[in-house]
Amino acid sequence: MATNVEYPEKVISSIADHIESILRLLGEDPSREGLAKTPVRAAKALYYLTDGMRHDDSEAVGDALFTADGHNMIVVRDIEFYSMCEHHILPFFGHISVGYIPGDHIIGLSKLARLVNLYARRLQVQERLTSQVVEAVRKATGAKGVIAVARAEHLCMKMRGVEDQSSSTVTTDYCGLFANDAALRSEFLGAIR
């Protein structure tokens with residue numbers, strides 16, 4: 001996925017042309033020394049940061065599904081992610097912790113991080129990112145229950161608008177056994193503290 005992005009020349013060139021136009025509209029001179037290569041660099045950055053839109057769950061999971069031997073909760077906490085707010089095209093970033101009760105399969109631990117990255121590398125909102133990760137883990141593993149908690153900082157709140165430097169946003173989503181069992185949700189929350 002995103003580590004080996006291939007940049008299609010025509011797409012990058014077209015995005016760069018638009019960025020150059022935006023720079024002019026902002027009152028900048030895109031040909032000045034500091035900006036001369038910025039349109040292409042910015043085009044490649046945007047393409048890279050949205051690479052998850054061009055991939056699906058099966059690419060992230062691959063063949064890293066294994067027969068489940070246990071039935072106790074599996075938790076991977078503090079998976080780092082970086083995403084782009086779809087409202088302002090500004091970054092938001094943080095950590096997400098994922099827990100699940102195995103059904104038919106368990107998933108390779110690094111594949112959980114790959115799934116998070118797949119959904120984070122899109123124009124996104126944190127609420128959807130959290131629920132997409134839950135659904136992807138449920139679908140891939142046949143889990144009896146999945147839960148995720150994401151905490152992130154949004155530059156659209158820190159750099160513009162209210163310019164609140166100290167806020168962070170927490171989103172939670174869950175399904176299956178976690179939906180009806182407050183004690184199970186509490187166990188997960190205890191595991192990620």
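Here are some friendly notes on the sheet, the helices and a few contacts in this predicted model.

1. **The sheet as a whole.** A good place to start is the open sheet, which has five strands in the order β5-β2-β3-β6-β7, with mixed pairing. Which strands stand at the edges? They are β5 (123-124) and β7 (169-176); each has a single partner strand, so one side of each is left without a neighbour in the sheet. As background, strands of a sheet pair through backbone hydrogen bonds, either parallel or antiparallel.

2. **Strand β2 and its partner β5.** Strand β2 covers residues 74-85, and its pairing with β5 is parallel, over two bridges. You can find both places by residue: M84 has L123 of β5 as its bridge partner, and C85 stands opposite Q124 in β5.

3. **Strand β2 and its partner β3.** Here the pairing is antiparallel and runs over nine bridges. One pair to look for is Y82 with its bridge partner F93 in β3. The two strands form a hairpin with five residues between them, and in that hairpin I89 takes a positive phi near 55°.

4. **Helices on the sheet.** Helix α4 packs on the sheet and touches β2, β3 (91-101) and β5, with its direction at about 20° to that of β2. Helix α5 (residues 126-141) lies across β2, β3, β5, β6 (145-154) and β7. The direction of α5 makes an angle of about 30° with β7.

5. **How α4 meets α5.** These two helices also pack against each other, at an angle of about 140° and with their axes 9 Å apart. They are therefore oblique to each other. The crossing of α4 past α5 is right-handed. On the α4 side, the contact is made by L112, L115, V116, Y119 and A120; on the α5 side, by L129, Q132, V133, A136 and V137. Sorted by kind, the residues of this contact are nine nonpolar, one polar and no charged.

6. **How α1 meets α2.** Now turn to helix α1 (residues 9-25) and helix α2 (residues 38-49), whose axes come within 8 Å and cross at roughly 120°. That angle makes α1 oblique to α2. The crossing of α1 past α2 is right-handed. From α1, the residues in contact are V11, I12, I15, A16, I19, E20 and L23; from α2, they are T38, P39, V40, A42, A43, K44, L46 and Y47. What kinds of residue make up the contact of α1 with α2? They divide into 12 nonpolar, one polar and two charged.

7. **A salt bridge worth finding.** The whole structure has eight salt bridges. One of them joins the side chains of K139 and D57, at 3.4 Å from N to O. This pair links distant parts of the chain: K139 belongs to helix α5 and D57 to helix α3 (residues 57-61), 82 residues apart.

8. **A closer look at K111.** This lysine is in helix α4 (residues 109-120). Leaving aside residues up to four places away in sequence, K111 touches A60, V61 and A64. A148 lies 37 residues from K111 along the chain, and the C-alpha atoms of K111 and A148 are separated by 15 Å.

Technical notes:
Residues numbered from 1 in each chain as written. Predicted model: local features only at pLDDT ≥ 70, side-chain atom pairs only at ≥ 80, totals over all residues. Heavy atoms only, no water. Axes fitted to C-alpha atoms, helices over the stretch in contact; angles between N-to-C directions. Helix = DSSP H or I, 4+ residues; strand = E, 2+ residues; numbered from the N terminus. Parallel < 35°, antiparallel > 145°, perpendicular 65-115°, else oblique. Left-handed = near helix turned anticlockwise from the far one by under 90°. Contact = heavy atoms within 4.5 Å. Nonpolar A, V, L, I, M, F, W, Y, C, P; charged D, E, K, R; others polar. Pairing = 2+ DSSP bridges. Salt bridge = Lys/Arg side-chain N within 4 Å of Asp/Glu carboxyl O.
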